[in-house]
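The following report describes the fold, one helix, the nonpolar core and the ligand shells of the protein shown below.

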Amino acid sequence: MKPSKDDLKKYLECEGTQILDLMRKALEKQGKKTITYSKNVFIPVTRLCRNRCGYCTFHRDKTKTPILAPDDIMGRLKKAESYGCREALFTFGEAADQLEPVKDQLEKLGYDTMVEYIYHLCQETLKNTLLLPHTNMGILKFKDLKMLKEVNASMGLMLETSSPRLMKTIAHRESPGKDPKLRIKTIEDAGKLKIPFTTGLLIGIGETIEERAESLLKLRRIQDKYGHIQEIIIQNFRSKPGIPMEDHPEPTLLEMIKTVAASKILFPDVSIQVPPNLNRETNEFFLLAGADDLGGVSPLSKDYVNPEAPWPEIEELERITRSAGFTLKERLPVYPRFISEEYLSERVLEKVKVHLDTL
Ligand SMILES: O=c1nc2n(C[C@H](O)[C@H](O)[C@H](O)CO)c3cc(O)ccc3cc-2c(=O)[nH]1
Ligand SMILES: C[C@H]1O[C@@H](n2cnc3c(N)ncnc32)[C@H](O)[C@@H]1O
Ligand code: SF4
């Protein structure tokens, strides 16, 4: 029986030893002995962005390099390959090609749009490296998703929250692209196109418990209809100096544990990921609450979204995983059940197969 909204609210609100019962229940649903992670390189293709999320330090108003040049990117990818990475995580400010400096630089490089540029970069990645592209560029149109499916092993977009109320608060009031209607449309379009998909929630940006439950149920309904969601990231808001939400409290450890556990109970069929660099001291608790993936870990690049939080070494992930009673296993940016012609283009599938023997 799938939990109802009331069940979810109860999970998210429970206290004391009820939390231990919740963790046990989630762990039973999780049911596996392994915890996965992906070795990646984070490529910030552009940091210019049309939005101004109250929690974000990634976006830049002005920069000398509006977009990273192809040779710079190829250099980073080659280096990543030599470190044994398998995933190229291309991250962008949203709709940056609506902004003049980006438009100008794209034009100089011979591209009309950012989608054309990233398509080319993914193509080059597949041609010249062993890395598998995963593109996370904000909301996209159906036709752009369709084009990018050709050259990506998986794609991603955080839902953040399904609450339209936050469009009026400090978190999203200057971010038209965080309108949950638009985000949900993109995630559904990716489902229609059968693109293996990463999404998630940002916890602690002013949403209520009820809104947290609604966000999870929204993703559940999408997954029931399309089945393309491979992982859900439960990401905790981290406060940092200088952001509009600097004084906003971070979610507590117990709130995060309850959200992770409730997510696993609602999504026994999807990996629940907690980024390990945002919870250096407390990762074990999430594994004991049903999280089964530690996400992308980069041996050579920093997390440009949370630059103050370095990624742990693989040895540390191994130690964390072992002490929680699991074994660590590397995975690709596309999860095993999506490795088929149904979900991957021929050229991506061919590249994915090269990795399967060495995982
Ligand atoms: O370490 C991080 N990885 C992030 N990733 C990457 C993720 O951890 C992994 O690389 C994916 O699981 C790919 O397998 C994202 C991927 C998306 O598609 C959408 C959003 C994110 C956000 C983050 C993030 O904030 N921090
Ligand atoms: C790439 C993803 O990183 C997340 N993100 C952006 N800013 C922060 C922050 N201060 N703390 C935690 N996560 C953040 C958002 O969920 C975005 O979608
Ligand atoms: S979180 Fe993404 S959309 Fe929001 S301001 Fe930062 S880069 Fe832009």
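Which residue takes a positive phi just after helix 8? Glycine 227 does, with a phi of about 70°. The model is predicted, so local features need pLDDT of at least 70 and side-chain atom pairs count only at pLDDT 80 or more, while totals for chains, interfaces and linings use all residues. Residues are numbered from 1 along each chain as its sequence is written, and chains are lettered from A and ligands numbered from 1 in the order in which they are written.

**Overall fold.** The protein comprises 12 helices and 9 strands, which are DSSP runs numbered from the N terminus (helices: H or I, at least four residues; strands: E, at least two). Its radius of gyration, taken over C-alpha atoms, is 19 Å, close to the 21 Å of the globule rule (2.2 Å times the number of residues to the power 0.38) for 359 residues, so the protein is as compact as a globular protein of that length. Along the principal axes, the C-alpha atoms fill a box of roughly 60 × 50 × 35 Å. Buried residues (20 or more other C-beta atoms within 10 Å of their own, with C-beta atoms placed from the backbone) make up 47% of the 359 residues.

**Helix 8.** This helix covers residues 209-226 and reaches 26 Å from its first C-alpha to its last, close to the expected 26 Å (1.5 Å times one less than its number of residues). Its buried residues are Arg212, Ala213, Ser215, Leu216, Leu219, Ile222 and Gln223. They pack against helix 1, helix 7, strand 5, strand 6 and helix 9, contact being C-beta atoms within 7 Å.

**Nonpolar core.** The largest nonpolar core, a set of buried Ala, Val, Leu, Ile, Met, Phe, Trp, Tyr and Cys residues joined through C-beta atoms within 7 Å, has 93 residues. Ile118, Val260, Ala261 and Ala289 have the most contacts inside this core. Not counting residues up to four places away in sequence, valine 260 touches Ile234, Ile272, Val274, Phe286, Ala289, Gly290 and Ala291.

**Ligand shells.** A residue belongs to a shell if its C-beta atom, placed from the backbone, lies within 6 Å of the ligand. In the table, Ala, Val, Leu, Ile, Met, Phe, Trp, Tyr, Cys and Pro count as nonpolar, Asp, Glu, Lys and Arg as charged, and the others, Gly among them, as polar.

| Shell | Nonpolar | Polar | Charged |
|---|---|---|---|
| Ligand 1 | 6 residues | 10 residues | 3 residues |
| Ligand 3 | 4 residues | 6 residues | 2 residues |

Around ligand 1, Asn136, Gly156, Thr198, Gly295 and Gly296 come nearest. Strand 6 gives the largest share of that shell, 3 residues. The residues surrounding ligand 3 include Cys49, Cys53, Cys56 and His59.

Methods:
Buried ≥ 20, exposed ≤ 12 C-beta atoms within 10 Å, placed from the backbone. Contact = placed C-beta atoms within 7 Å.
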